[in-house]
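Work through the exercises below with the sequence and the structure side by side. Try each task before reading its solution.

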Amino acid sequence: MKGPIKSAPAALRLAGLLLCLLLAACQSVPPTSGPTLCARLDESVRVLASPQSSARQRAQAGADYRALAADHLPELLQDAARPDPLGGLLRQDQPGVYAPAGFADIAPVGRPRVTQPGLHRAGLGLPSIGRVFPGGANAPSAGYQVPVTLLALPTGTAPGSCGAALVDPERVSRVPGKHGAVPVAMDLEAPLDATRAIGLRRGEGLTNLLRSDRFRGRPRIVFLQPFDPDKTPVVLIHGLMSTPRMWAPLVKPLLADPRIRARFQFWFFYYPTSQPVPLSALQLREALDDTTRTHGPHRPLVLIGHSMGGILARAQVSRIDLAQAKTISPQLASFPADNPVRRALVFAPRTDVSRAVFMFTPHRGSALAVTSLGAWGIRLIRFPEWLLSEFAHYAHLVPDTIAGRLPTSIHGLSPQSRFLRLLDQTRPKVPSHSIIGDRGRGPLATSSDGVVPYRSAHLEFAESEVIVPTGHSGFAHPLAVAELRRILRAQAAATPHPPTREVTTP
């Protein structure tokens, strides 16, 4: 018992020594808030605002600012929640100024990935991703990923005081300060990379073709960004063995154009691609109806379909009446008007579509659908039980299929498809455009993109036709993107639109 008691003073002396060392170490670390934080922020702002600063100095000052803001993100977001962020330079009720509470979480962009310069702007602030979850029936599965920029500046209201604001970098492009006005940093690419609307799992397109019984939910419209009634929806419709993921390399360069970004919003139709083509066209029609009912008035749609998706788009802007549909199946007239088979084959053009673009589309079918490869794919396809039971009669509408077996999308893309032949006799009720691939193996009249021959993709009535030197998967070729950009700009010029107002600061 005496030993431990005798050693107590030594233990106390050791604890005191450690406490002194700890206090000394703490005194050597600058405070994490207050005047020191504001002074460090102000130094970065001074360098960014100075016309004498070199590009290298500005880059370093921006990096220092972002690192400092990220380290103090929780407290800066608390400041950004005040009614007068940035000491009154902005107000919470101004367009383009966000309340942090409106987001499920806010994640700083750690290492910017610049593949599309038009989606980025150097400047002041911490580019971040604000996640909105849940976001409604048309939101991506992981919620919307919204680009935001956190601004933090000395306010001048008191010595060493700072203010912060969370802003939309497209609406707030510059912010004033005691060193002069500075551009607001912007990163629109990181939210695009983060969103699940165009980032479904690799290989999911093949699964959705062969095992549509595993498709989750019903075919649906998915928004890339929250609905905006002042922007024209561009509906992107993928083709066989694909998903909305395919559109990522095309959407990015389109959104890099500020005029397109300001006037258009992008929607995706997501569906299993093994189904009969008329059924998928019906499901697109129903999904668009559901979406417009949910969100109310919207500007006329622009439809863009790739490959089989172009067939689905054409069905939205065309008319097939009962008399015409009876050439496919005479017994169709005996089906009730609300029967899904009849509704898939008898339809009127939508009245809310302004334009259609067909990319690499087999309007008259593709010979690959009747090859041994097509037959192999047909044998592997498995349908869900609801489809087999609900559309059991549909098998009799395509006499070339095996008795009792529901025809697949591959059947529907055959040059012998009665539905394609009937649809090809129609003329869309809106302006239409063709973008066609050509691998350059012979004259144009006999050329092909490797899947769709020119004679199948060509439309006499198209307002424009652009031939792209690429294969069937080259929808994001620079010439294809340039043509879509031209079409969308022309659509924007022909459509009255209120000017987008940028937030101005005192």
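The exercises that follow deal with strands, helices, burial and salt bridges.

The model is predicted: local features need pLDDT of at least 70, side-chain atom pairs count only at pLDDT 80 or more, and totals for chains, interfaces and linings use all residues. Residues are numbered from 1 along each chain as its sequence is written, and side-chain values use heavy atoms, with hydrogens and water left out.

**Exercise 1. The open sheet**

Task: Find the order of the five strands in the open sheet and name its edge strands.

Solution.
Step 1. Helices (H or I, at least four residues) and strands (E, at least two) are DSSP runs, numbered from the N terminus. Two strands pair if DSSP finds at least two bridges between them.
Step 2. The order is E1-E6-E5-E4-E2, and the pairing is antiparallel.
Step 3. Strand E1 (97-98) and strand E2 (105-108) are the edges, since each pairs on one side only.
Step 4. Inside the sheet, E5 (residues 144-154) and E6 (residues 162-167) are joined by six bridges. Pro154 stands opposite Cys162 in E6.
Step 5. Two helices lie across strands of this group, where contact means heavy atoms within 4.5 Å. Axes are lines fitted to C-alpha atoms, for helices over the stretch in contact, and angles run from 0 to 180 degrees between N-to-C directions. Helix H3 (residues 55-71) lies across E2, E4 and E5, at about 40° to E4. Helix H4 (residues 73-80) lies across E1, E2, E4, E5 and E6, at about 80° to E6.

**Exercise 2. A covered strand**

Task: Determine which residues of E11 are buried on each side, and which strands pair with E11.

Solution.
Step 1. Buried means under 20% relative accessible area, exposed over 50%, and partly exposed in between (1.4 Å probe, protein chains only).
Step 2. In strand E11 (residues 232-237), six of six residues are buried. Thr232, Val234 and Leu236 are on one side, with Pro233, Val235 and Ile237 on the other.
Step 3. E11 runs parallel to strand E12 (residues 264-270), with six bridges between them. Thr232 has Phe264 of E12 as its bridge partner.
Step 4. Four bridges link E11 to strand E13 (residues 301-306), again in the parallel sense. Here Ile237 is partnered with Gly305.

**Exercise 3. One residue in a helix**

Task: Is Thr291 buried or exposed, and what does this residue touch?

Solution.
Step 1. Thr291 is in helix H9, which covers residues 277-295.
Step 2. With a relative accessible area of 2%, Thr291 is buried.
Step 3. Leaving out residues up to four places away in sequence, Thr291 touches Asn138, Ile221, Phe223 and Trp267.

**Exercise 4. Salt bridges**

Task: Compare the burial of the two partners in each of two salt bridges, Arg113 with Glu189 and Arg314 with Asp424.

Solution.
Step 1. A salt bridge is a side-chain nitrogen of Lys or Arg within 4 Å of a carboxyl oxygen of Asp or Glu. The structure holds 18 of these salt bridges.
Step 2. In the pair Arg113 and Glu189, the closest N and O atoms are 4.0 Å apart. Arg113 is in the loop between E2 and E3 and Glu189 is in helix H5, so the pair ties together parts 76 residues apart in sequence.
Step 3. Arg113 is partly exposed at 47%, whereas Glu189 is buried at 0%.
Step 4. Arg314 and Asp424 meet at 3.3 Å, N to O. Arg314 lies in H10 and Asp424 in H16, so parts 110 residues apart in sequence are tied together.
Step 5. Arg314 is buried at 1%, whereas Asp424 is partly exposed at 24%.

Notes:
Expected span 1.5 Å × (residues − 1).
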